[in-house]
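I opened the structure viewer and kept a short notebook as I went. The entries are in the order I looked things up.

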Amino acid sequence: MAAPIITPLPTPPIRSDAPADFAVKADNFAASLPGLVTETNASVAFVDQRAIDADASATAAAASEQAAEAGRAEVAANTATVASNTATVVARADEVAANTQQVADNTQAVATNTQAVADALASIAGGPVYSVNGMTGNVTGIATQAGAETLANKTVVDPVVTLGGSQGVAGQVPVSQGAGLPPAWATMSQVISKYFESAEQAITAGGSLTIAHGLLSRPKIINAYLVCKVAENGYTVGDRVEVFFRPQIWAGYVRGSAAVADASNVVIRHSSAPYALASKTDADTPFQITPSNWRLVVRAFA
């Protein structure tokens, strides 16, 4: 299975953007975040599967080691047999004339055992096997282990995952570098992985809101939108209008709202006239909203 690709995020908004460009970029950026979470989770699942595969490889390696140990024991036994037979030949040298056939038999046994030793050594060294149980010729096919294997008395080494030629460091996660490229490593502080959206909040001129976001860390991005509840200046019920927490100049006065966030809450402070909007039907005709006709929804990203 190929490594999952994490789609690059669109260009984020910056404060120097024109208001219209900022709103479009902010919407596109916010809309891409749920997909980023899904793709990041797919990448984590892919890494987890690689860990499972590594565990299976460790089990197979343990089985191979067990087979090699059995082979070494057989080599030791055959070597002992060779030594015993050789001693018999030496001890009975004075019986050679009377026991020529016995000598021949013993010599054949020595030759057979020597071949077995050579075969076992060749197998351990990774070379070809030329004889098994007296059968000669190259051995082909796949050896299998009957019965279930367990991890008892075995050590499983944690897998090492390499992405883009690097293994990363502790606390890093894979991040997409674009189509056709392997993911790269980045710290969690560089990645937006959590999202919060509040319920609709009543707007009180000159008032404030304290909203618990539950992200467990200070949000990297805070934005909001207004929801029309009573038709006003061309806007109909259900319309959503993106707004920003920054000062607005209206009728010679500074208006607007400010937002401050910590690891627990987003705190919104409204001015006496919180939000001015362009008319839905005429962008050159701004108006000050009636707070009771609208609700505020706050979003935070961490």
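The notes below go from the whole protein to one strand and then to single residues.

**Entry 1: the whole protein**

I noted before anything else that this is a predicted model. I counted the secondary structure and got 2 helices and 15 strands. The protein has 302 residues, and 28% of them count as buried. I then looked up the exposed surface, which is about 18,200 Å², with carbon and sulfur atoms supplying 58% of it. I also checked contacts between residues at least 6 apart in sequence, and 59% of these join residues at least 24 apart.

**Entry 2: strand β15**

I asked how many residues of strand β15 are buried. I found 7 of the 8 in residues 294-301, so the strand is largely enclosed by the rest of the structure.

Next I looked up the strands that pair with β15. Strand β8 runs antiparallel to β15, and 8 bridges join the two. As one pair to look at, I picked cysteine 228, whose bridge partner in β15 is tryptophan 294. Strand β5, residues 195-197, is also antiparallel to β15 and is joined to it by 3 bridges. There I found tyrosine 195 with phenylalanine 301 of β15 as its bridge partner. Strand β6, residues 201-202, pairs with β15 over 2 bridges, again in the antiparallel sense. In β15, arginine 295 stands opposite alanine 202.

**Entry 3: aspartate 239**

I moved on to the loop between β8 (221-228) and β9 (240-243), where aspartate 239 is found. Is aspartate 239 buried or exposed? I read a relative accessibility of 16% for aspartate 239. The cut-off for buried is under 20%, so aspartate 239 counts as buried.

I then asked which side chain makes a polar contact with the side chain of aspartate 239. It is the side chain of lysine 280, at 2.6 Å. Setting aside residues up to four places away in sequence, I listed what aspartate 239 touches: Leu226, Val227, Cys228 and Lys280. I had already met cysteine 228 as the bridge partner of tryptophan 294.

**Entry 4: asparagine 233 and proline 286**

I stayed in the loop between β8 and β9 for asparagine 233. Its phi is near 50 degrees, a positive value in a residue other than glycine. I looked up the relative accessibility of asparagine 233 and found 38%, which counts as partly exposed.

Proline 286 belongs to strand β14, residues 286-288. I wrote it down as partly exposed too, with a relative accessible area of 44%. Proline 286 and asparagine 233 are 53 residues apart along the chain, and I found 9.2 Å between their C-alpha atoms.

**Entry 5: leucine 216**

I found a positive phi, near 70 degrees, at leucine 216, which is a residue other than glycine. Leucine 216 has its place in the loop between β7 (208-212) and β8. I noted leucine 216 as exposed because its relative accessible area is 75%, and the cut-off for exposed is over 50%.

**Entry 6: serine 271**

My last stop was the loop between β12 (265-270) and β13 (276-278), where serine 271 lies. What does the side chain of serine 271 reach? I found the backbone oxygen of alanine 273, at 3.0 Å. Leaving out neighbours within four places in sequence, I recorded serine 271 in contact with Ala205, Gly206, Arg255 and Gly256.

Notes
Residues numbered from 1 in each chain as written. Predicted model: local features only at pLDDT ≥ 70, side-chain atom pairs only at ≥ 80, totals over all residues. Heavy atoms only, no water. Helix = DSSP H or I, 4+ residues; strand = E, 2+ residues; numbered from the N terminus. Polar contact = N/O pair within 3.5 Å; in protein donor to acceptor, adjacent residues only side chain to side chain. Contact = heavy atoms within 4.5 Å. Buried < 20%, exposed > 50% of the residue type's maximum accessible area, 1.4 Å probe, protein only. Pairing = 2+ DSSP bridges. Areas by Shrake-Rupley, 256 points an atom, 1.4 Å probe, with all protein chains shown as cover.
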